[in-house]
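Me: I'm new to this and would like to learn how to read a protein model. Could we walk through it together?

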Amino acid sequence: MFGVFLSCKRTGSVLTLSRGLAQTSRHRCVSHSCQSEQFLRRFISENTEIVGGQSLTPELRLRLFTPNCRFWTQRPELWPYSDPYWAIYWPGGQALSRYLLDNPAVCQGRTVLDLGSGCGASAIAAALSGAAHVVANDIDSVAAVATQMNSELNGLQPPVCLSDNMIGSSPVAAFDLILLGDMFYDESLATSLHSWLDRCVQSHGTDVLIGDPGRAQFEEHGIRRLLRPLAQFELPQSVREENYGLTHSCVWRYTPGP
């Protein structure tokens, strides 16, 4: 059932299930360029539910998977696209978005990159907090459409949405602030992020904020010693139930050495 896949990332074992899905994913649509944005908007509208009030950011409205959606219990092989991480409001992203909304000076007048943007909540929070320019980056192009729709739900002009993999690319001087929510669920990805973020900071003095609920791959990685805690949030009961015992989510500032 599709709900099982979603549960696995919550516990930090997304790689295990992703391998299990590999056989059924071979014939799925990988590139959505052949499909119109109108088609994807309709698909997202029909297979998500507008949610608000049951997260750390009750003021935001987002299109997400809920038990009322048909793919919550459908077999994974029936989902026609890449695994929809964008359809869940993960706890690290919730903490990061809450922090930005509570501390608008962090974003005000700045150019912000939301890396691994998913549903776009952190990009939306940055825009609501007065960012001068926001870019949402997610390698799933369906996530870009979902981000656009969620921005509109919150009365915002959608941000620039990029689907290229920016991790490992040449550091971009244009960004004052990089946001990462729930990106440290895999050790190899965490290592790639560590190297790339270090180059961004060293080359351009970019600020980096990370939201994570304390998954093992995050707590045990070397990057953890380079982080300074900024805030800790107690997760609402409904979010705890969906995330198998995680009770808090934190925001950190990345502070690499010279």
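Me: Is Cys 69 buried or exposed?

Reply: Happy to help, and keep in mind that this is a predicted model. A residue counts as buried when its relative accessible area is under 20%. Cys 69 has a value of 8%, so Cys 69 is buried. Cys 107 is buried too, with a relative accessibility of 0%.

Me: How many disulfides does the structure have?

Reply: First the general idea: a disulfide is a covalent bond that links the sulfur atoms of two cysteines. Searching the whole structure here turns up zero disulfides.

Me: What does the protein look like overall, in helices and strands?

Reply: The protein has nine helices and nine strands. Of its 258 residues, 53% are buried. Among contacts between residues at least 6 apart in sequence, 70% join residues at least 24 apart. The exposed surface comes to about 11,300 Å², and carbon and sulfur atoms supply 50% of it.

Me: Which sign does phi have in Asp 182?

Reply: In general, most residues other than glycine have a negative phi. Asp 182 has a positive phi, near 60 degrees. Asp 182 sits in the loop between β6 (177-181) and α7 (187-204). With 3% relative accessibility, Asp 182 is buried.

Me: And where is Tyr 244?

Reply: Look in the loop between α9 (237-242) and β9 (248-254). Phi of Tyr 244 is also positive, near 50 degrees. A residue counts as exposed over 50%, so Tyr 244, at 53% relative accessibility, is exposed.

Conventions. Residues are numbered from 1 along each chain as its sequence is written. This is a predicted model: local features need pLDDT of at least 70, side-chain atom pairs count only at pLDDT 80 or more; totals for chains, interfaces and linings use all residues. Side-chain values use heavy atoms; hydrogens and water are left out. A disulfide is a pair of cysteine sulfur atoms within 2.5 Å. Buried means under 20% relative accessible area, exposed over 50%, partly exposed in between (1.4 Å probe, protein chains only). Helices (H or I, at least four residues) and strands (E, at least two) are DSSP runs, numbered from the N terminus. Contact means heavy atoms within 4.5 Å. Accessible areas come from the Shrake-Rupley method with a 1.4 Å probe; for residues, only the protein chains shown count as cover.
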